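Here are a few exercises to work through with the model open in your viewer. Try each task before you read its solution.

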Amino acid sequence: MSALPGDFWDTLPLGEGVTPLTRDANGLAAFNKPAGLLSHPNDSQDEGRALLTCRYDKEAQRFIWKTADGAERWLWLLNRLDSATSGVILTAASEKLALAVREHYAKKQVHKVYSALVFGHPHKNFEHWHDQLAVKKKGGRIRTATIGNVPAQTSFQLIKHTQKAFSTSLVKLEPRTGRSHQLRVQCAKRQLPIIGDQTYGDFALNRAFAKANKTKRLFLHSLETSFTYEFAGQSHPFKAAAPLPREFMAGY
């Protein structure tokens, strides 16, 4: 891998509210994406509300921008979060590194931890959820149902339950599979809808909670991502954690 320009990371056109978390010597970097921003723009009209506010090559899965002196820079996107979900998102500063890390994702060798604020009180403090889902993609929209033949596994842990104006629970979710909308659907199936979920959630409770707490978002956050990857003949451990947003304490 060729050396990066000395000011490479300083030239990133970061989206509003995006903050760097960590990066390693190979050019693997993690950022904290706020809720409401796209992981990447779908077209030029979206560039102002994405992780990086610049052009995105969908085929190469990389951002492209120019510095003040006209030099072209690239940054490869390694994972995606729904626009409504906040938290850890990864990038690579070279195509070779991107391919190496994507291989780990493909082999399910990446450990991911999510936090969610849900309505209700779970029956158990710890559970392993195993469901068969159906994922349908049509017209650029994704809908996931709880009856299908696509296996979805998640480890669940209750962190804290609070009974105030609403019955809410802060929970930890560790997906063992990576199905579209998996966590949202699995929570809803167990009468623990994620607060602010406009597709699978409790719409009446969402409206009441948003009005009472003056906050409106999907309360799902990518808290931590960790793995060890092979690159340039060596093993490299990597871990990134994004702090829990303040609004997750709104119900407490």
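**Exercise 1: the strands around β6**

β2 and β6 pair in the antiparallel sense over six bridges. Before going further, note that this is a predicted model, where local features need pLDDT of at least 70, side-chain atom pairs count only at pLDDT 80 or more, and totals for chains, interfaces and linings use all residues. Residues are numbered from 1 along each chain as its sequence is written, and side-chain values use heavy atoms, with hydrogens and water left out.

Task: work out which way β6 and β11 pair, parallel or antiparallel, then look at the other pairings of β6.

Solution, step by step:

- Get the terms straight: strands (E, at least two residues) and helices (H or I, at least four) are DSSP runs numbered from the N terminus, and two strands pair if DSSP finds at least two bridges between them.
- Start with β2, where L28 stands opposite A92 in β6.
- Move to β5, which runs antiparallel to β6 and is joined to it by two bridges; here L77 faces T91 in β6.
- Finish with β11: its pairing with β6 is parallel, over two bridges, and S86 sits opposite H221 in β11.
- Now check burial (under 20% relative accessible area is buried, over 50% exposed, partly exposed in between; 1.4 Å probe, protein chains only). Seven of the seven residues of β6 are buried, so the rest of the structure largely encloses this strand.

**Exercise 2: the hairpin**

Task: find which residue takes a positive phi in the hairpin of β1 and β2.

Solution:

- β1 (residues 19-23) pairs with β2 (residues 28-33) in the antiparallel sense, over four bridges.
- Across that pairing, T22 stands opposite A30 in β2.
- Four residues lie between the strands, and G27 is the one with a positive phi, near 105°.

**Exercise 3: α1 and its histidine**

Task: is H104 buried or exposed, and what does it touch?

Solution:

- Place it: H104 belongs to helix α1, residues 95-106.
- Check the helix span (expected: 1.5 Å times one less than the number of residues). α1 has twelve residues and reaches 16 Å from first C-alpha to last, close to the 16 Å expected.
- Read the accessibility: H104 counts as buried because its relative accessibility is 8%. Other buried residues of α1 include L97, A98 and V101.
- List the contacts (heavy atoms within 4.5 Å): leaving aside neighbours within four places in sequence, H104 meets Q109, V110, T228, Y229 and E230.
- Zoom in on E230: its backbone nitrogen lies 3.3 Å from a polar atom of the H104 side chain.
- Step back: the cover over the buried residues of α1 includes β2, β5, β6 and β11.
- Just after the helix, K108 has a positive phi of about 60°.

**Exercise 4: the largest core**

Task: which residues touch the most other members of the largest nonpolar core?

Solution:

- Define it: a nonpolar core is a set of buried Ala, Val, Leu, Ile, Met, Phe, Trp, Tyr and Cys residues joined through side-chain atoms within 4.5 Å.
- The largest one has 23 residues, and L173 and I194 touch the most other members.
- Two or more residues come from each of β7 (111-119), β9 (141-163), β10 (167-175) and α2 (182-189). β7 gives the most, five residues.
- Apart from this core lies another of 19 residues, V88, L97, V101 and Y229 among them.
- Look at α2 last: six of its eight residues are buried, including L183, V185 and C187.

Terms used: Polar contact = N/O pair within 3.5 Å; in protein donor to acceptor, adjacent residues only side chain to side chain.
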